[in-house]
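I set out these entries in the order in which I looked things up. Each entry takes one topic.

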Amino acid sequence: MVSTAFHPTTKPPMAPIRRTALLAGALYLITFLASIPAAAYFLLPVLDDPRYILGPGQDARVTIGALLDIINALACIGTAVVLYPVVRRTSPVLALGFLASRILEAAIIVAGVMALLAVVTLRRDVAGDPGADADSLLTVGAALIAVRDWSFLFGPGLAVANALLLGTFMYRSRLVPRVIPLMGLIGAPLLLASNLGTMFGINEQLSVLSLVAVPGIFFWELTLGIYLIVKGFTPPPTITGVDGDRQPSSFADVP
């Protein structure tokens, strides 16, 4: 007699390299999900109103934006930490450089967040005092907003280094289709030119040049995140290291 009892099957465990790709892709998407709402909505009251420090304020909204920026900073570090073992297999130099640039980017972002939270604190604790000097508070508030504006230029501006370092690795290793890192490798010099122009007062941070430069970097990171989640890494039979050596493409032991 044939038994018809149901025997549940155990789903095979996910390969470590697939988990790495999935986690890295998710962290890249988190940087978008956190940073875009923060810049486009939650932080606008303090960024757009020069007299915010003296007004009624929207402290809860600004604080939520600050928390989103901190999440963005932590996710930035996370992408580099997760991808470090993969990049290190063929280029320790690129791996270390990518990790360092992401940590620096996160630190600069957090510095900008602290500046905005300082404006919130001054508005809440000092601006309402009878003896508060309104002109001095406006000057301090403007200075803190300027710190945040510069951090917004230098922090995300490090996407240039990230694109050049990780993009070079991804382009040479072919772990993702080459068109993905190519967007970053093309966008990086354009963004660098735009940022340098802003530093020297040649163009505004939001200008025609920045509108040309930003999409390459934006879609490089967005597409990379989506591809890693949906497809994962697709290693070819061999990988050409940065030094030109041919190396095996097996990443089975990547943690």
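**Entry 1. Surface patch**

Which residues form a nonpolar patch on the surface, and with how much accessible area together? I worked from a predicted model. I found the patch to consist of W150, F154, L192, L196, M199, F200 and I202, and their accessible area together is about 730 Å². I then looked up the elements behind the patch: α5 (134-157) and α7 (179-199) supply at least two residues each. The largest share, three residues, comes from α7. I checked M199 individually. M199 is placed in helix α7, and I recorded M199 as partly exposed because its relative accessibility is 36%.

**Entry 2. Overall layout**

I next listed the secondary structure and found eight helices and two strands. Read from the N terminus on, the order is α-α-α-α-α-α-α-α-β-β. The protein has 255 residues, and I noted that 42% of them count as buried. The exposed area of the protein is about 13,300 Å², of which carbon and sulfur atoms supply 71%. I also looked at contacts with a separation of 6 or more: residues 24 or more positions apart account for 74% of these.

**Entry 3. Nonpolar cores**

How many residues does the largest nonpolar core have? I noted 33, and the residues with the most contacts inside this core are L83, L166, F169, M170, L224 and F233. The elements that give two or more residues to the core are α1 (16-42), α3 (59-88), α4 (92-125), α6, α7 and α8 (208-230). I recorded a second, separate core of 17 residues, with A34, F42, I53 and I145 among them.

I returned to F233 for its contacts. With residues up to four places away in sequence not counted, F233 touches I17, T20, A21, L83, V86, M170, L175 and L228. Two of the names in that list, L83 and M170, I had already written down among the residues with the most contacts inside the largest core.

**Entry 4. Salt bridges**

My search of the whole structure for salt bridges gave two. One of them joins D59 and R123, with 2.5 Å between the closest N and O atoms. What does this pair tie together? D59 lies in helix α3 and R123 in helix α4, so the salt bridge ties together parts that are 64 residues apart in sequence. I entered D59 as buried because its relative accessible area is 11%, under the 20% limit. R123 also counts as buried, at 15% relative accessibility.

In the other salt bridge, the side chains of E105 and R102 meet at 2.9 Å, N to O. E105 and R102 are three residues apart in helix α4, so about one helical turn separates them. Are these residues buried or exposed? I found E105 buried, with a relative accessible area of 5%, and R102 buried at 1% relative accessibility.

**Entry 5. N162**

I followed E105 to a polar partner. The side chain of E105 makes a polar contact of 2.8 Å with the side chain of N162. N162 lies in helix α6 (residues 159-173). I classed N162 as buried because its relative accessible area is 1%. Which residues is N162 in contact with, leaving aside its neighbours within four places in sequence? I listed F98, S101, R102, E105 and G167. Thus both R102 and E105, which I had entered as salt-bridge partners, are in contact with N162.

**Entry 6. Two loop residues**

I looked up G57 and located this residue in the loop between α2 (44-48) and α3. G57 counts as partly exposed, since its relative accessibility is 31%. Leaving aside neighbours within four places in sequence, I found G57 in contact with Y52 and R123. R123 had already been entered as the salt-bridge partner of D59. I also noted that 7.9 Å separates the C-alpha atoms of G57 and V46, which are 11 residues apart along the chain.

I closed with R174, found in the loop between α6 and α7. What is notable about its phi? The phi of R174 is near 60 degrees, a positive value in a residue other than glycine. I entered R174 as partly exposed because its relative accessibility is 44%.

Technical notes: Residues numbered from 1 in each chain as written. Predicted model: local features only at pLDDT ≥ 70, side-chain atom pairs only at ≥ 80, totals over all residues. Heavy atoms only, no water. Helix = DSSP H or I, 4+ residues; strand = E, 2+ residues; numbered from the N terminus. Buried < 20%, exposed > 50% of the residue type's maximum accessible area, 1.4 Å probe, protein only. Polar contact = N/O pair within 3.5 Å; in protein donor to acceptor, adjacent residues only side chain to side chain. Contact = heavy atoms within 4.5 Å. Patch = residues over 30% accessible without salt bridge, like charges linked within 9 Å, V, L, I, M, F, W, Y side chains within 5 Å. Areas by Shrake-Rupley, 256 points an atom, 1.4 Å probe, with all protein chains shown as cover. Salt bridge = Lys/Arg side-chain N within 4 Å of Asp/Glu carboxyl O. Core = buried A, V, L, I, M, F, W, Y, C linked by side-chain atoms within 4.5 Å.
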